Amino acid sequence: DLSAEAGLALLEATRGDEGPARAAARLEALEAANPESAVVAFNRGWLAVYRRDGALARAAWERTIALDPGGRLARVSRALIASLGSGPGGRNP
């Protein structure tokens, strides 16, 4: 199950200093195998937030929207993008 695999990849991010890098590698592999997956793109956005990379989170969620514009993850992605803010005084991760 792709959703479960993406979730396990995010869980990896919590395991030690190298966890986020391992999680990124797992998600990259999932994306390579499933390039049209909104689920994988969406979870790459969450990992970017955990890594405090607002630009990468925005890009991942924009990709989620492009992959499935009418889907539930696209609706959530739009809200998450809006919550990012646009500068150091905003709510960027």
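Here is a short chat about a predicted model, covering a helix pair and two buried residues.

Colleague: What should I know before reading the values?
Modeller: In this predicted model, local features need pLDDT of at least 70 and side-chain atom pairs count only at pLDDT 80 or more, while totals for chains, interfaces and linings use all residues. Residues are numbered from 1 along each chain as its sequence is written, and side-chain values use heavy atoms, leaving out hydrogens and water.

Colleague: Are α1 and α3 roughly parallel or roughly antiparallel?
Modeller: The axes of α1 (residues 2–12) and α3 (residues 38–50) come within 10 Å and cross at roughly 10°. Angles under 35 degrees count as roughly parallel and over 145 as roughly antiparallel. So α1 and α3 are roughly parallel.

Colleague: How many nonpolar residues does the contact of α1 with α3 have?
Modeller: L2, S3, A6 and L10 in α1 meet V39, V40, N43, W46, L47 and Y50 in α3, where contact means heavy atoms within 4.5 Å. By class there are 2 polar and no charged residues, and the nonpolar ones number 8.

Colleague: Is S37 buried or exposed?
Modeller: S37 sits in the loop between α2 (19–33) and α3, and its side chain reaches the backbone nitrogen of V39 at 3.3 Å. Leaving aside neighbours within four places in sequence, S37 is in contact with L2 and L67. Its relative accessible area is 11%, and under 20% means buried, over 50% exposed (1.4 Å probe, protein chains only). So S37 is buried.

Colleague: How far apart in space are G54 and G85?
Modeller: G54 is in helix α4 (residues 54–67) and is buried at 14% relative accessibility. G54 and G85 are 31 residues apart in sequence, but C-alpha to C-alpha the distance is 9.0 Å.

Definitions and conventions
Axes are lines fitted to C-alpha atoms, for helices over the stretch in contact, and angles run from 0 to 180 degrees between N-to-C directions. Helices (H or I, at least four residues) and strands (E, at least two) are DSSP runs, numbered from the N terminus. Angles under 35 degrees count as roughly parallel, over 145 as roughly antiparallel, 65 to 115 as roughly perpendicular and the rest as oblique. Ala, Val, Leu, Ile, Met, Phe, Trp, Tyr, Cys and Pro count as nonpolar, Asp, Glu, Lys and Arg as charged, and the others, Gly among them, as polar. A polar contact is a pair of N or O atoms within 3.5 Å; within protein, one must be able to donate a hydrogen and the other to accept it, and residues adjacent in sequence count only if both atoms are side-chain atoms.
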